[in-house]
Amino acid sequence: MLRLRADFRYGEGCGGACAAAAAARARGLVGDRVTVCVPGGELTVTLGATARLAGPVAAVFEARRVELAERLRGQLAGRTAPGAPLAERVRELAVIQDEAGYLARAAVDDEGTILLEHNCAILNVARGTAAACEAELALFRDLLDADVVRESHIVAGDRCCSYRITPRA
């Protein structure tokens, strides 16, 4: 077994862990089971007809968050001007999340901007672990460089997840 360390500065996340393991196997350096060190712990990649990823839940969601952040940061940059106001960035993030199946929209009220997600694309997973929702909060804070507070939560029985988004103090 070969230990790989994925470099997450380039947005490699879970997909990068699987790709690194597959590349190492293609070069004959490893077998079908590879340990990959990621932020938050170690992931085990089992290679067959497909790649199967396993490891501590927090590590998997942290790796997923890093990967999503890099991809979404690029999408936001392509849709907004540099230095765009926070409300505009939230609106574009809502469009991206809507395209990903979250039935998302943004709204502005007297207290700031709200991101609403009326569907949870990973609800069954989120019901089983708080790590999924914690990673999403961290993702939004990182992407928007803002304070993000969840005000309602589908997992808790609410009709949607709503996030109050305000400039960092």
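Of the contacts in the protein with a separation of 6 or more, what share comes from residues 24 or more positions apart? The figure is 46%. Keep that in mind as you click through this predicted model, since many stops on the tour bring together separate parts of the chain.

**Stop 1: the whole chain**

Start with everything shown as a cartoon. The protein has 5 helices and 8 strands. Read from the N terminus, the elements run β-α-β-β-β-α-α-β-β-α-α-β-β. If you colour by accessibility, buried residues make up 42% of the 169 residues.

**Stop 2: the four-stranded sheet**

Now select residues 104-109 (strand E5) and 146-152 (strand E7), then add 112-117 (strand E6) and 161-167 (strand E8). Together they form an open sheet of 4 strands in the order E5-E6-E8-E7, with antiparallel pairing. E5 and E7 are the edge strands, and each has a single partner, so one side of each has no neighbour in the sheet. Turn the view to follow the twist, which averages 25 degrees from one strand to the next.

If you like to display hydrogen bonds, this is a good moment: strands of a sheet pair through backbone hydrogen bonds, either parallel or antiparallel.

Walk across the sheet one pair at a time:

- E5 and E6 are antiparallel and share 6 bridges. Pick Val-108 and look for its bridge partner in E6, Thr-113.
- E6 and E8 pair over 5 bridges, again in the antiparallel sense. Here Leu-116 stands opposite Ser-162 of E8.
- E7 and E8 run antiparallel and are joined by 6 bridges. Ala-146 stands opposite Pro-167 of E8 in this pair.

Before leaving the sheet, show E8 on its own. Is this strand largely enclosed or largely open? It is largely enclosed by the rest of the structure, because 5 of its 7 residues are buried.

**Stop 3: two helices on the sheet**

Bring in residues 86-102, helix H3, which lies across E5, E6, E7 and E8 and runs at about 155 degrees to E5. Next add residues 130-144, helix H5, which packs on the sheet and touches E6, E7 and E8. The direction of H5 makes about 145 degrees with that of E7.

With both helices on screen, look at how they meet. Their axes are 11 Å apart and the packing angle is about 140 degrees, and H3 and H5 are therefore oblique to each other. H3 passes H5 in a right-handed crossing. To see the contact, show side chains for Leu-86, Arg-89, Val-90, Leu-93, Gln-97 and Tyr-102 in H3, together with Glu-136, Phe-140, Leu-143 and Leu-144 in H5. By class, the contact has 7 nonpolar, 1 polar and 2 charged residues.

**Stop 4: H2 against H5**

Keep H5 and select residues 57-79, helix H2; the two axes come within 9 Å and cross at roughly 30 degrees. H2 and H5 are therefore roughly parallel to each other, and H2 passes H5 in a right-handed crossing.

On the H2 side, show Val-57, Ala-58, Phe-61, Arg-65, Leu-68, Ala-69, Leu-72, Arg-73 and Leu-76. They meet Ala-131, Ala-132, Ala-135, Ala-138, Leu-139, Asp-142 and Leu-143 of H5. This contact divides into 13 nonpolar, no polar and 3 charged residues.

**Stop 5: Glu-92**

Go back to H3 and centre on Glu-92, which is found in that helix. Its relative accessibility is 22%, so Glu-92 counts as partly exposed. Which residues does Glu-92 contact, leaving aside its neighbours within four places in sequence? They are Leu-76, Arg-79 and Thr-80. Try the distance tool on Arg-79: the C-alpha atoms are 7.0 Å apart, for a sequence separation of 13 residues.

**Stop 6: two loop residues**

Finish with a pair of backbone details. Select Leu-103, in the loop between H3 and E5. Leu-103 has a positive phi of about 45 degrees although it is not a glycine, and with a relative accessible area of 48% it is partly exposed.

Then move to Asp-145, in the loop between H5 and E7. Asp-145 is not a glycine either, yet its phi is positive, at about 50 degrees.

Key. Residues are numbered from 1 along each chain as its sequence is written. This is a predicted model: local features need pLDDT of at least 70, side-chain atom pairs count only at pLDDT 80 or more; totals for chains, interfaces and linings use all residues. Side-chain values use heavy atoms; hydrogens and water are left out. Two strands pair if DSSP finds at least two bridges between them. Axes are lines fitted to C-alpha atoms, for helices over the stretch in contact, and angles run from 0 to 180 degrees between N-to-C directions. Contact means heavy atoms within 4.5 Å. Angles under 35 degrees count as roughly parallel, over 145 as roughly antiparallel, 65 to 115 as roughly perpendicular and the rest as oblique. A crossing is left-handed if the near helix is turned anticlockwise from the far one by less than a right angle, and right-handed if clockwise. Ala, Val, Leu, Ile, Met, Phe, Trp, Tyr, Cys and Pro count as nonpolar, Asp, Glu, Lys and Arg as charged, and the others, Gly among them, as polar. Buried means under 20% relative accessible area, exposed over 50%, partly exposed in between (1.4 Å probe, protein chains only).
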